[in-house]
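Reader: Hey, could you walk me through this one? I'm new to reading structures.
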Amino acid sequence: MSSSASQTPAKSPKLRRIALLGSRAVGKSSMTIQFVENVFVDSYYPTIENTFTKPISHQGQEYQAEIIDTAGQDEFSIFNGKHALDIHGYILVYSVTSKLSFDMIKIIRDKILNYTGTDWVPIVIVGNKSDLHGQRQISTEEGEELAALWNCQSCETSAKHNENIGRVFELMIGEIEKSTSVPEEPKSECIIL
Ligand SMILES: Nc1nc2c(ncn2[C@@H]2O[C@H](COP(=O)(O)OP(=O)(O)OP(=O)(O)O)[C@@H](O)[C@H]2O)c(=O)[nH]1
């Protein structure tokens, strides 16, 4: 009985909401499902929107990641404000086999910054399908140059071969923690009217 009282209570995990955005069929769902369920699905089913949760441990801190896998965007998609207000960080995904999808993440970032009225948000740029060597349209350097320009992290992945998938989410948590203005969940005893 008394032994449980003497134990230090475990720190509750910090909730971090992460949205994956990008063109259609770049592999957002495949990355998410590979990360959460450790499987790769070869068939293509366009997503409307799915949310997954997974615990992540980063630098001694436990996090609960809420991962929002969004519908593919094109230049005419209206930016969904839901994907800006409640989100701590963005994974912007392109396919290394598609220049169009690389250009699309620039449009998406502009929309996010416009919507949030800020000039920086936590972002990780991801070039997926790195296993399709012969079909490359975007080099590793182009991805890195864009990340330097935006002052964010970048990474190439293969959801198919589970390469660098875990790393993307670790980089994302790191970028979120870099930003000093992460609002914590409101605590009932601290409400100021
Ligand atoms: N070779 C290869 N194929 C991939 C990879 N990731 C995804 N795919 C394939 O690409 C297609 C599209 O993948 P999805 O994960 O559905 O893409 P999405 O971005 O979620 O698509 P939307 O729901 O339309 O936005 C599927 O046939 C996947 O099997 C990868 O790393 N390598």
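**A first look around**

Author: Sure. N164 counts as partly exposed, because its relative accessibility is 36%. Keep in mind that this is a predicted model.

Reader: OK, and where does N164 sit?

Author: N164 is in the loop between β6 and α6. Its phi is near 70°, which is a positive value in a residue other than glycine.

Reader: What about N162, buried or exposed?

Author: Partly exposed, with a relative accessible area of 37%. N162 also lies in the loop between β6 and α6, and although it is not a glycine, its phi is positive at about 50°.

Reader: Switching topic: which residues of α5 are buried?

Author: In α5, which runs over residues 140–150, the buried ones are G143, L146, A147 and W150. They sit on the same side of α5, because they cover an arc of only 100° around the axis.

Reader: Why would residues a few places apart end up pointing the same way?

Author: An α-helix has 3.6 residues a turn, so residues three or four places apart point the same way.

Reader: And what's on the other side of α5?

Author: E145, A148 and L149, which are exposed there.

Reader: What covers the buried residues of α5?

Author: The cover includes β4 (89–95), α4 (99–116), β5 (123–128) and β6 (153–156). After α5 comes N151, with a positive phi near 55°.

Reader: Now the ligand. How many residues surround it?

Author: There are 24 around the ligand, and the closest are K28, S30, Y44, T47 and D131.

Reader: Which ligand atom does K129 come up to, and how far off is it?

Author: A polar side-chain atom of K129 is 3.1 Å from an oxygen atom of the ligand. The backbone takes part as well: a backbone N or O atom of G27 lies 3.0 Å from a ligand oxygen atom, and a polar backbone atom of S29 is 2.8 Å from an oxygen atom of the ligand. Taken alone, the ligand exposes 660 Å², and the protein buries 93% of that.

Reader: Last thing: which residues touch the most other members of the largest nonpolar core?

Author: M31, I91 and F169, out of the 24 residues in that core. The largest share of this core comes from α6, with 7 residues.

Reader: What does F169 touch?

Author: Leaving out residues up to four places away in sequence, F169 touches L20, F35, I56, I67 and I91. Another core, of 23 residues, lies apart from that one, and its members include I87, V96, I112 and V121.

Terms used: Residues are numbered from 1 along each chain as its sequence is written. This is a predicted model: local features need pLDDT of at least 70, side-chain atom pairs count only at pLDDT 80 or more; totals for chains, interfaces and linings use all residues. Side-chain values use heavy atoms; hydrogens and water are left out. Buried means under 20% relative accessible area, exposed over 50%, partly exposed in between (1.4 Å probe, protein chains only). Helices (H or I, at least four residues) and strands (E, at least two) are DSSP runs, numbered from the N terminus. The arc is that of the directions from the helix axis to the C-beta atoms. Contact means heavy atoms within 4.5 Å. A residue is near a molecule or strand if one of its heavy atoms lies within 4 Å of it. A polar contact is a pair of N or O atoms within 3.5 Å; within protein, one must be able to donate a hydrogen and the other to accept it, and residues adjacent in sequence count only if both atoms are side-chain atoms. Accessible areas come from the Shrake-Rupley method with a 1.4 Å probe; for residues, only the protein chains shown count as cover. A nonpolar core is a set of buried Ala, Val, Leu, Ile, Met, Phe, Trp, Tyr and Cys residues joined through side-chain atoms within 4.5 Å.
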